[in-house]
Amino acid sequence: MPLPRPISLPSPMNLPPVARLRLWWRHLAPQRQDRFAVLAPLAAVLLFLAAIVAAFGYLRLEEIDREQEAVKRDLEYTQQRLRLRLLERQEQLMRIAREVANQELDTEEFESRAEAMVNQYPELQGLTWIDGHQRIEASYGTASLSASQLRTVGSTLKPGETESTYSLARELQQPIYSQNVASTDAPAMLQLHIPLSDRARFMGVVLAEYSVDGLYRYGVPAEVSARYAISFHDAMGGLLAGTSIPARNPATRLLPWDSPVNAYEVPVSPVGNGLVIRAQAYRTSLGVIGSGLFWLVTALSVMTAWMLIANWRHTRRRLQAQQALLSETSFRRAMENSMLTGMRALDLQGRITYVNAAFCQMTGWSESDLVGRTAPFPYWPEADRDSLASRLEEELTGKTLPSGIQVRVKRRDGTLFDARLYVSPLIDARGVQTGWMTSMTDITEPNRIREQLSASHERFTTVLEALDASISVAPLGSDELLFANKLYRQWFGTQAGGHLQLVAQAGVPVSLPSDESLDDVDAFAGLPTDSLPDTEAESAEIYLEELGKWLEVRTRYLSWVDGRLAQMVIATDITARRLAEEQSAAQIERAQTASRLITMGEMASSVAHELNQPLTAINNYCNGMVSRIKAQQISEEDLLIALEKTARQAHRAGQIIQRIRSFVKRSEPNRALSKIAGMVDEAVELAEIEMRRRNVRLTHYTAPRMPELLVDPILIEQVLVNLLKNAAESVDSAQRPTAQRSVKLRVAPKLVDSKPVIEFMVMDSGRGLAPEVMARLYEAFHSTKADGMGIGLSLCRSIVESHQGRIKAENIYNGTEVTGCCFSFWIPVTESLLPKTQPPHRQPRTPG
């Protein structure tokens, strides 16, 4: 039996468009059909509204283009009229200029010709003849000119715009237009400078001044000014003459095609100095009929679209309400099944009515195995059934604790785990209790972590107890001691008094304002967000008389375990270190005194020579007076003069000895506010002794009005004397000629890292420092001198750094040749490190 032939269906692409549209419509879901049924009319209304707007906009753009062409054409015509008018006046003025240059016109004839032209052309305000020295020979102006615009015969041009244009006309030898700046009493003027020349010799200019307002009134055609708002503007856009239509606020436009006012502007030729003429077309309204038709079509289209959208939204809400019910049921079921917390519901008789997937996963029993079961439940361990049964009775009677209860639960495979149960009443929609809801959480891992934390805390406490530093924690504003390690208890006992004493002596606040709370504490840094004193972030060194120890105290804020803001204090015993520092300081002071003695020992011959001069003079004066007294050849007046000279020489010798004694005297460091000029003068007077012995010229400069420094002046003088003496020795050893044997000392303020400092600079003309010497320059007991000990520069560096300063050395070059060396050091102005607390066991040293 032959098989039937299959019926071939036509392809959708071979169907006519209407059939294809009908086939597509039938394949759509009912919801999508409803959506398209509403959206199709809405799209048609919007397309109709878009077509109306496009038509109105196209017509308006055509009208604006035609109006712009008319404005441009009429403004260019006005520009040509103004140009011809200015060129005609320029030719007449150039004829007058030629006659003046050829000396055919004197000043009276010039003023007569100027008066005739000013009366003939109302836009011309005045003519002025200015000679080659910028002096006004003749001038005539209208009565409308202000006093500041009138030019007086015999005066010269004042510096300004007119004078600069005059210079430009003299350089270019051709007419120059310029425009002065308008003011309250002087309107804007257009100036024309026509140079006067005789055989290429510049003889001055003829200055013609036009009124910009006159050019507007007499140069703009009446038919153009009647159709447009014509105005003259300067290069910056400022209005000089005419009328201007203000720009329309875009917020006040009623129609979308309401464009700004048509405007066009061109420069006024041949001025070429920024004078611009602008034309603005007067805008008329589109008429009530055009506006009303547009708004009527718009309102009907919007109303139709709104009704279609409202109908579609109403239908959509009904469908959404149906879907919401299904989605809510599915969501609640999915949420219950995805929870990690086990949920179990019991009725009032203790029967299981509901368990979620997490409860079944925890216990290993399925929902069918648990729902409907009563106690004892299969997940109860056999050993705990009695206690669990009593707890179930308490649960059914509502006697459970809000914090929950901890129990053991047996899985189906027989393994046990720890769980915490929270019980709450199960209330239906009518407010009636229908049972009890229990949530179960597996706490096996938290219990294990809690045990590990407890063991870790015990180990941490053991470490803190064994530390060699005192650690204490106390809340702010309270005398309670939250924590204290073993060393703290040994020093201060178990009370918070020692903690508060450490905080008080370290200069850290022990409390915050009353409105301070944990919300004002930075949880990351453990510090209050309000401002704290600067000493809080640093460690402080204090001395406790009760313990007889120096302690280094460090503090910080932290949030205690109960949420309170607390302060932790760490105190470390640094008594041994402080004793070592004191011994080191004593050694440094002795080394400084020894260095001064060595310096004066090296300068002994120079000092002896310096003292020998006043002593020799005293001896000569005394011998001379004795001889003249014996011979009775001296008067009282000559005797007084000789005695005064003798006293001055003795005083000079005493000053030298006193200065040397104060320089080498051993004393305690005494930092005080010291004048820089005094320290420099003392050091220079001591160093000049060595300079004169070595035939070296010393020049020094001290900047005026410098602040005082908080330093030890003897130590700073020691640094300066050492540097100046080394400089003199370097110049002497270089065997420079007399003209080049010089040392310079310069003291001036400067900025280092944006901080004010005082810089001391010593420059010599010696041979400089070799690279190997520069590398070991400040090393103790390293010297380049045969008889040197090598402690001078090392002590200089220690003294400067003890005053928070820095010292450096560098060679001075002339090309590739070394021509000297420069030692410089600076001392900060702002702050000095005076000791705040002295140990009670340290006795003051007796000056040596």
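This short talk walks through one predicted model, from the whole chain down to single residues.

Let's start with the overall numbers. The protein chain holds 20 helices and 28 strands. It has 848 residues, and 37% of them are buried. Now the contacts. Take those with a separation of 6 or more: 59% are between residues 24 or more positions apart. As for surface, the chain exposes about 49800 Å². Carbon and sulfur atoms supply 55% of that area.

Next, the cores. The largest nonpolar core has 45 residues. Which residues have the most contacts inside it? Y210 and F232. Several elements give two or more residues to this core, among them α2 (30–101), β1 (124–131), β5 (201–211) and β6 (228–233). Helix α2 gives the most, with 10 residues. Another core lies apart from this one. It has 43 residues, including I676, V680, I758 and F825.

Stay with the largest core's surroundings for a moment. Strand β1 is one of the elements that contribute to that core, and Q125 sits in β1. Is Q125 buried or exposed? It counts as buried, because its relative accessibility is 9%, under the 20% cut-off. Its side chain reaches the backbone oxygen of P122 at 3.3 Å. Leave aside neighbours within four places in sequence, and Q125 is in contact with Y210, among others. Y210 is one of the two residues with the most contacts inside the core. Other contacts of Q125 include V118, Y140, M189 and E209.

Now over to the other core. I676 belongs to it. This residue is found in helix α17, residues 676–693. At 3% relative accessibility, I676 is buried. What does I676 touch, beyond its neighbours within four places in sequence? M706, P707, L709, V747, I758 and F760. Of these, I758 is named in the 43-residue core as well. One distance to note here: the C-alpha atoms of I676 and V711 are separated by 9.9 Å. Those two residues are 35 apart along the chain.

On to a sheet. Five strands form an open sheet, in the order β16-β15-β21-β20-β19, with antiparallel pairing. What stands at the edges? Strands β16 (483–484) and β19 (540–544). Each has a single partner strand, so one side of each is left without a neighbour in the sheet. Helix α13, residues 497–506, packs on this sheet. It touches β15, β19, β20 and β21. Its direction makes about 125° with that of β19.

Look at β21, in the middle of that order. Seven of its nine residues are buried, so β21 is largely enclosed by the rest of the structure. On one side is β15: residues 469–475 pair with residues 565–573 of β21 over seven bridges, in the antiparallel sense. V473 stands opposite M568. A474 stands opposite Q567. On the other side is β20, joined to β21 by nine bridges, again antiparallel. There, L551 stands opposite D573. Strands β20 and β21 form a hairpin, with five residues between them. G563 is in the turn, and its phi is positive, about 95°.

One loop residue ties in here. N485 lies between β16 and α12 (486–492). How accessible is N485 — what is its relative accessibility? It is 0%, so N485 counts as buried. Its side chain reaches the backbone nitrogen of I471 at 3.1 Å. Not counting residues up to four places away in sequence, N485 touches L464, E465, L467, A469, S470 and I471.

Last, some backbone geometry in loops. The peptide bond from A375 to P376 is cis, with omega near 0°. P376 is found in the loop between α9 (367–370) and α10 (385–396). Then two residues other than glycine with positive phi. Phi of S754 is near 65°. S754 is placed in the loop between β25 (742–752) and β26 (755–764). With a relative accessible area of 71%, S754 is exposed. Phi of Q804 is near 60°. Q804 is in the loop between α20 (792–802) and β27 (806–814). At 34% relative accessibility, Q804 counts as partly exposed.

Note on methods: Residues numbered from 1 in each chain as written. Predicted model: local features only at pLDDT ≥ 70, side-chain atom pairs only at ≥ 80, totals over all residues. Heavy atoms only, no water. Pairing = 2+ DSSP bridges. Helix = DSSP H or I, 4+ residues; strand = E, 2+ residues; numbered from the N terminus. Contact = heavy atoms within 4.5 Å. Axes fitted to C-alpha atoms, helices over the stretch in contact; angles between N-to-C directions. Buried < 20%, exposed > 50% of the residue type's maximum accessible area, 1.4 Å probe, protein only. Areas by Shrake-Rupley, 256 points an atom, 1.4 Å probe, with all protein chains shown as cover. Core = buried A, V, L, I, M, F, W, Y, C linked by side-chain atoms within 4.5 Å. Polar contact = N/O pair within 3.5 Å; in protein donor to acceptor, adjacent residues only side chain to side chain.
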